[in-house]
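Hi everyone, thanks for making time. I'll put a structure up and walk you through a few spots in it.

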Amino acid sequence: MHKRTLKWIVLAAAIAAPLAVQAHKMWLLPSATNVAGADPWVTVDAAISNDLFHPDHHAASLEQLVITAPDGQTAKPANEAVGKYRSVFDLQLDQQGTYKLALVSSGLSASYELDGQKRRWRGEADELRSAIPGAAKNLQVTASSNRVETFISNGKPNDTALKPTGQGLELVPVTRVTDLVAGEPATFQLLLDGKPAGNLKVSAIAGATRYRNAQDAITAQTGSDGKFRLTWPHAGMYWINATTQDDNSGSKFARKRRLSYTATLEVLPE
């Protein structure tokens with residue numbers, strides 16, 4: 001499959017359905033979130049699936065993978081591979097502190113009518129003019145911004161890699177993001193373009209959803225300061241997600257922008 005086609009399959013799956021009830025969820029899943037030693041490694045899966053952390057739908061593209069090391073510099077993955085249902089890569093944690101791993105994507109989607117039929121398109125801004133026929137009617141263009149993350153600490157955690165970029169919807173941990181414990185509340189902050197994102201719904205779902213009949217999501221609401229609190233009912237890997245939309249598209253072609261933030265967090269036993 002062409003890389004650009006794969007990219008837009010991934011992006012479409014990430015934003016096509018509402019928060020928490022969407023059939024397909026995109027995620028990064030590390031083999032460990034806490035390690036120690038002079039030269040540890042982790043393996044990370046990246047996929048879009050129906051059941052959380054069980055790759056059963058489509059591999060996630062690694063084209064937009066950005067790894068920030070504990071010193072704030074960019075780290076490189078190793079042994080990247082893309083399969084039918086999941087992508088995989090290794091990461092050597094040669095620094096002490098916390099790493100942030102992110103799949104970051106943006107683009108445009110359009111709907112229009114041509115010869116009485118509804119059409120849809122997805123792509124980059126510089127492709128829009130040539131992709132949409134001149135005879136198209138009722139053209140509506142929406143920008144998208146999506147971020148999928150996970151975090152890994154080698155030894156003592158630090159916050160350098162966790163600094164927000166000021167672009168799109170981002171998570172700022174208040175509680176140590178790799179030190180979450182079942183039964184204990186954890187506090188986070190959501191930012192939208194670097195400013196507190198108030199009044200957003202956040203959903204958290206524990207993994208292994210294929211082995212139960214309900215998603216069993218826990219939810220929270222951000223305050224005016226963008227902060228929210230979650231108390232984990234049990235240990236395990238959790239998928240958290242928030243979505244929003246605004247009129248700050250950042251594109252002369254689009255009137256609206258849809259944003260999504262997703263993270264995989266590990267919660268340890270009491």
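Before I get to partners between strands, one definition: I call two strands paired if DSSP finds at least two bridges between them. And keep in mind throughout that this is a predicted model.

With that in hand, let's go to S3 and S8. Strand S3 covers residues 41–49, strand S8 covers 87–92, and the two pair antiparallel over six bridges. If you want one rung to look at, take Val 42: its bridge partner in S8 is Leu 91.

S8 also pairs with S7, residues 78–82, again in the antiparallel sense, this time through three bridges. Here the rung to look at is Ala 78, whose partner in S8 is Asp 90. How many residues does the hairpin from S7 to S8 run through? Four residues make that link.

While we're in S7, have a look at Asn 79, which sits in that strand. Its phi is near 55°, so a positive value, and Asn 79 isn't a glycine. As background, most residues other than glycine have a negative phi. Is Asn 79 buried or exposed? It counts as exposed, because its relative accessibility is 55% and the cut-off for exposed is over 50%.

There's another one of these at Asp 115, again a non-glycine with a positive phi of about 55°. Asp 115 is in the loop between strand S9, residues 97–114, and strand S10, residues 117–123. With 72% relative accessibility, Asp 115 counts as exposed.

Okay, zooming out to the whole chain. We have two helices and 20 strands. A compact globule of 270 residues would have a radius of gyration near 18 Å, and this chain comes out at 19 Å, so the two agree. Along the principal axes, the C-alpha trace spans about 60 × 40 × 40 Å. Half the chain is tucked away, in the sense that 50% of the 270 residues count as buried. Now the contacts: take those between residues at least 6 apart in sequence, and 67% of them join residues at least 24 apart.

On the outside, the accessible surface comes to about 13200 Å², with 46% of that belonging to carbon and sulfur atoms. For charges, I get 29 positive and 26 negative side chains, and the centres of those two sets are 8 Å apart.

Two more residues and I'm done. Phe 253 is in the loop between strand S19, 236–246, and strand S20, 256–268. What does Phe 253 touch, leaving aside neighbours within four places in sequence? Its contacts are Leu 108, Ala 125, Leu 128, Arg 129 and Val 141. You can also pick out Gln 140, which is 113 residues from Phe 253 in sequence and 9.0 Å from it in space, C-alpha to C-alpha. Phe 253 counts as partly exposed, because its relative accessibility is 24%.

Last stop, Val 181, in strand S13, residues 180–181. At 16% relative accessibility, Val 181 counts as buried, since the cut-off is under 20%. Setting aside neighbours within four places, Val 181 contacts Trp 232, and also Val 267, Leu 268, Pro 269 and Glu 270. As for Ala 263, that residue is 82 places from Val 181 in sequence, and their C-alpha atoms are 16 Å apart.

That's my tour, happy to take questions.

Technical notes. Residues are numbered from 1 along each chain as its sequence is written. This is a predicted model: local features need pLDDT of at least 70, side-chain atom pairs count only at pLDDT 80 or more; totals for chains, interfaces and linings use all residues. Side-chain values use heavy atoms; hydrogens and water are left out. The radius of gyration is taken over C-alpha atoms; the globule rule is 2.2 Å times the number of residues to the power 0.38. Buried means under 20% relative accessible area, exposed over 50%, partly exposed in between (1.4 Å probe, protein chains only). Contact means heavy atoms within 4.5 Å. Accessible areas come from the Shrake-Rupley method with a 1.4 Å probe; for residues, only the protein chains shown count as cover. Lys and Arg count as positive and Asp and Glu as negative; His and the chain ends are not counted. The place of a charge is taken as NZ of Lys, CZ of Arg, CG of Asp or CD of Glu.
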